[in-house]
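Visitor: I should like to learn how to read the features of a structure step by step. Please give the general idea of each feature, and then the case at hand.

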Amino acid sequence: MVFNTGVSGATTEECFDNEKDWLLAPKADIVFICFGMNDSVRDEVTAKIFKNNLLHFIKVMREQGALPVLQTPQLSARRKDTDRYNEIIRNVANEQEVLLVDLDEYWKSHKKDVRGMMNDPIHPNRYGHLQWARLLIKALGLPEVSQIFTVSYKQLKGKVNPFTQTGKAIFSEPKVIEILQEKRVTNWLLIGDFDTDCSFPKRTVPEHFEEIIRFKMSGDDRTSLMRFCVSIDTSKISCGEILDNYEFYIGFSHWDVVIFYPFEDVRKNELKEKIVKDFPFTINAHTV
């Protein structure tokens, strides 16, 4: 089970302030930490603060029994500043004997391929993220799944955006508007079958859906308030599995908004009833 607690635009300072939700609550066995690109352009996050934050994350993860894995952010338009912070990451990894996945070095050493791996000078595209996943798999010594390692760039062309109208409907919900007007940070849980009209490798992964809601639907202000999302894909995880391990999948955090996407499961109503009891504000995305 992979929990994506990454927050777009966040720095190590924000992670430090939200470490209970972002780092500790999921009680993960392995924690991937990738910061630096945003820290390097924020005056309030000096090189010293950045290093101390990384050291703190490593310490609390190890105390919890988790394996920390550091990553360097890849080649970007913020080259000069990012280089300096990436060196800090490498030094910390060496000093603390932490596994390092040096994405930046990979991007540098594959300059001819970089254009095909990026949406813009900062953000990787589908193929760039696929390469990222491959590097993580190799670094952990996991089996190199053939489906992952044989996908070509041509297979990944094209964008899938199936949630546009649904996203608009979600953000027109009176309760969502009320929450956003309170100007407080909110946690969102997304549950459902995220396999729309596409199959691997063009599968619309939950993280892609999350980005659509954050950027396409909500705008900058709402993005800053919706700071933490977790997606549970019911095409891969049954309601029985979720109910039998409820604390692991759902009960570890407080959810301000729970969104149900369409899916079929014999225990779906049972799961919904339990979630609604614990977290009253839920949305059935296909009916809003």
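Visitor: What share of the contacts with a separation of 6 or more falls to residues 24 or more positions apart?

Guide: A contact means heavy atoms within 4.5 Å. In this protein, 75% of the contacts with a separation of 6 or more are between residues 24 or more positions apart. The model is a predicted one: local features require pLDDT of at least 70, side-chain atom pairs count only at pLDDT 80 or more, and totals for chains, interfaces and linings use all residues. Residues are numbered from 1 along each chain as its sequence is written, and side-chain values use heavy atoms, with hydrogens and water left out.

Visitor: How many helices and strands does the protein have?

Guide: Helices (H or I, at least four residues) and strands (E, at least two) are DSSP runs, numbered from the N terminus. Here there are 15 helices and seven strands.

Visitor: What percentage of the residues is buried?

Guide: Buried means under 20% relative accessible area, exposed means over 50%, and partly exposed lies in between (1.4 Å probe, protein chains only). Of the 288 residues in the protein, 47% are buried.

Visitor: Which strand does E1 pair with, and do the two run parallel or antiparallel?

Guide: Two strands pair if DSSP finds at least two bridges between them. E1 and E2 run parallel and are joined by five bridges; one residue of E1, Ile33, has Leu70 in E2 as its bridge partner. Between these strands the chain passes through H3, and this β-α-β crossover is right-handed. That term applies if, with the strands pointing away from the viewer, the path from the first strand over the helix to the second runs clockwise. E1 itself spans residues 30–34, with Val31 and Ile33 on a covered face and Ile30, Phe32 and Cys34 on an uncovered one.

Visitor: What covers the buried residues of the connecting helix, H3?

Guide: The buried residues of H3 are Phe50, Asn53, Leu54, Phe57, Ile58, Val60 and Met61. Their cover includes H1 (12–17), H2 (19–24), E1, E2 and H4. Just after the helix, Gly65 has a positive phi of about 90°.

Visitor: How should the length of a helix such as H4 be judged, and what is its span?

Guide: The expected span of a helix is 1.5 Å times one less than its number of residues. H4 has 18 residues and should therefore span 26 Å; its end C-alpha atoms lie 25 Å apart, which agrees. For H3, with 17 residues, the reach from the first C-alpha to the last is 25 Å, close to the expected 24 Å.

Visitor: Which elements do the buried residues of H4 pack against?

Guide: They pack against H3, E2 (67–71), E3 (99–101) and H5. Among the buried residues of H4 are Tyr85, Ile88, Ile89 and Arg90. Glu97 follows the helix and has a positive phi, near 55°.

Visitor: How many salt bridges are counted?

Guide: A salt bridge is a side-chain nitrogen of Lys or Arg within 4 Å of a carboxyl oxygen of Asp or Glu. By this rule there are ten. One of them joins Lys51 and Glu95, at 3.7 Å from N to O. Lys51 belongs to H3 (residues 47–63) and Glu95 to H4 (residues 79–96), so this pair links distant parts of the chain, 44 residues apart. Lys51 is partly exposed, at 30% relative accessibility, and Glu95 is partly exposed at 46%.

Visitor: Is the bridge between Arg90 and Asp104 made by buried or exposed residues?

Guide: The two side chains meet at 3.2 Å, N to O. Because Arg90 lies in H4 and Asp104 in H5, the pair ties together parts that are 14 residues apart in sequence. Arg90 is buried, with a relative accessible area of 15%, and Asp104 is buried at 0%. Arg90 and Asp104 also belong to a network of salt bridges with Asp83, Glu87, Asp102 and Lys108.

Visitor: Where does E6 lie, and which of its faces are covered?

Guide: E6 comprises residues 257–260, and both of its faces are covered: Val257 and Ile259 are buried on one side, Val258 and Phe260 on the other. Four bridges join E6 to E4 (residues 186–192) in parallel, and Leu190 has Ile259 as its bridge partner. E6 also runs parallel to E7 (residues 282–284), with three bridges, and Val258 stands opposite Thr282. E6, H15 (residues 268–278) and E7 form a right-handed β-α-β unit.
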